[in-house]
Every structure is written in structure tokens, then in C-alpha cells.
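Please consider the following structure with attention to its interior. The paragraphs below begin with a single residue and move outward from there.

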Amino acid sequence: MNMNYAEFQNDWRNMGQLEYMFKKKVKHIFFTNKSDEHKHCRFCWDKISALSNTFHEGYYTTDTKYKYWICPSCFDELKDLFEWQL
């Protein structure tokens with residue numbers, strides 16, 4: 001399900017990300033290194049890593065000062081609203 005602007009305004013994951021993640025370029029990546037290294041989704045804070053019980057793939061912004069990570073679930077639900085460019 002894709003989320004529209006009005007729905008996102010009341011969503012528990014909304015922490016102002018539209019201000020700095022709208023229309024940004026993102027890259028898809030698979031985690032293969034079994035180290036303890038992990039990232040957190042900028043929206044739901046789920047872990048993205050090669051460890052068990054985490055997402056093993058994700059997306060991150062490439063044209064922002066910091067890399068902002070997005071889990072596959074949030075990406076699928078918010079990609080149209082945020083107009084991310086792969």
C-alpha cells in the first residue's frame with residue numbers, strides 16, 4: 001500500500017523526513033558481511049544488516065550529507081510519496 005501526504009502526516013514514523021529526504025537519490029544494497037555492523041531505518045528504526053532477524057537489504061540516500069537508511073517495507077510504502085530516484 002502506498003501512503004499519501006495526508007496519511008503520512010498522522011503516521012507514527014513521521015519525524016519530518018519530507019524536509020530532507022524528498023526527491024533524493026537512493027541506492028539498493030544487500031548486506032552480506034556477518035559482522036555486528038548494522039543500520040537503522042530512518043522511519044521505523046528496524047535493523048538492516050546481515051544478522052538474523054533483521055532486514056538483509058535496504059536503501060540509502062546518496063545525495064545527502066549523511067546516509068539515511070530505509071528498510072524495504074518503508075521503501076515500498078513511501079517511495080511514491082517521497083519520489084525517490086533509484
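In this predicted model, L78 is a useful place to begin. Setting aside residues up to four places away in sequence, L78 touches M3, F8, F43 and W84. L78 belongs to helix α3, and with a relative accessible area of 0% this leucine is buried. Its surroundings also include a part of the chain that is remote in sequence: the C-alpha atoms of L78 and N2 are 6.1 Å apart in space, although 76 residues separate the two in sequence.

Two of the residues that L78 touches, F8 and F43, recur in the description of the nonpolar interior. The largest nonpolar core has 23 residues, and those with the most contacts inside it are F8, F43, I70, C74, L78, F82 and W84. Which elements give two or more residues to this core? They are α2, β4 (57–61), β5 (69–70) and α3. The largest share, five residues, is supplied by α3. F8 shows how such a residue is surrounded: beyond its neighbours within four places in sequence, F8 is in contact with M3, N14, Q17, L18, F43, L78, L81 and F82.

The aromatic side chains deserve separate treatment. A pair of aromatic rings is described by the distance of the centres and the angle of the planes. The structure contains 11 aromatic pairs. In one of them, the ring centres of F43 and F82 are 5.4 Å apart and the planes stand at 80 degrees, so this pair is edge-to-face; the angle is over the 60 degrees required for that description. F43 is in the loop between β2 (39–40) and β3 (47–48), whereas F82 is in helix α3 (residues 72–82), so the pair ties together parts that are 39 residues apart in sequence. Both F43 and F82 are buried. A second edge-to-face pair is formed by Y66 and Y68, with 6.5 Å from centre to centre and 65 degrees between the planes. The burial of these two tyrosines can be stated separately: Y66 is partly exposed at 49% relative accessibility, while Y68 is buried, its relative accessible area being 14%.

Beyond pairs, F8, F43, Y59, F75, F82 and W84 form one aromatic cluster. Among these, F8, F43, F82 and W84 also appear in the list of residues with the most contacts inside the largest nonpolar core. A charged side chain is placed against another ring: K67 lies over the face of Y60, at 4.5 Å from the ring centre.

How many disulfides does the structure hold? The number is zero. The sulfur of C71 has its closest cysteine sulfur in C74, at 3.7 Å, and this is too far for a bond, because a disulfide requires the two sulfur atoms to be within 2.5 Å. C74 is likewise in no disulfide, the sulfur of C71 being the nearest cysteine sulfur to its own. Both cysteines are nevertheless in the interior: C71 is buried at 0% relative accessibility, and C74 is buried with a relative accessible area of 2%. C74 is also one of the residues with the most contacts inside the largest nonpolar core.

A charged residue is found in the interior as well. R13 lies in the loop between α1 (5–9) and α2. Is R13 buried or exposed? At 6% relative accessibility, R13 counts as buried, because the limit for burial is under 20%. Its side chain makes a polar contact of 3.3 Å with the side chain of E77. Apart from residues up to four places away in sequence, R13 touches M3, F43, C44, C74 and E77. M3 and F43 are thus named among the neighbours of R13 and also among those of L78.

The backbone offers a final point. Most residues other than glycine have a negative phi, and most peptide bonds are trans. K23 has a positive phi, near 55 degrees. This lysine is in the loop between α2 (18–21) and β1 (26–30), and at 43% relative accessibility K23 is partly exposed. W45, which is not a glycine either, has a positive phi of about 65 degrees. W45 is placed in the loop between β2 and β3, the loop that also holds F43. With a relative accessible area of 45%, W45 is partly exposed, whereas F43 is buried.

How values were computed. Residues are numbered from 1 along each chain as its sequence is written. This is a predicted model: local features need pLDDT of at least 70, side-chain atom pairs count only at pLDDT 80 or more; totals for chains, interfaces and linings use all residues. Side-chain values use heavy atoms; hydrogens and water are left out. Rings of Phe, Tyr and Trp (its six-membered ring) pair if their centres lie within 6.5 Å; planes under 30 degrees apart count as stacked, over 60 as edge-to-face and the rest as tilted. Helices (H or I, at least four residues) and strands (E, at least two) are DSSP runs, numbered from the N terminus. Buried means under 20% relative accessible area, exposed over 50%, partly exposed in between (1.4 Å probe, protein chains only). A charge sits over a ring if NZ of Lys or CZ of Arg is within 6 Å of the ring centre and within 35 degrees of the ring normal. Contact means heavy atoms within 4.5 Å. A nonpolar core is a set of buried Ala, Val, Leu, Ile, Met, Phe, Trp, Tyr and Cys residues joined through side-chain atoms within 4.5 Å. A polar contact is a pair of N or O atoms within 3.5 Å; within protein, one must be able to donate a hydrogen and the other to accept it, and residues adjacent in sequence count only if both atoms are side-chain atoms.
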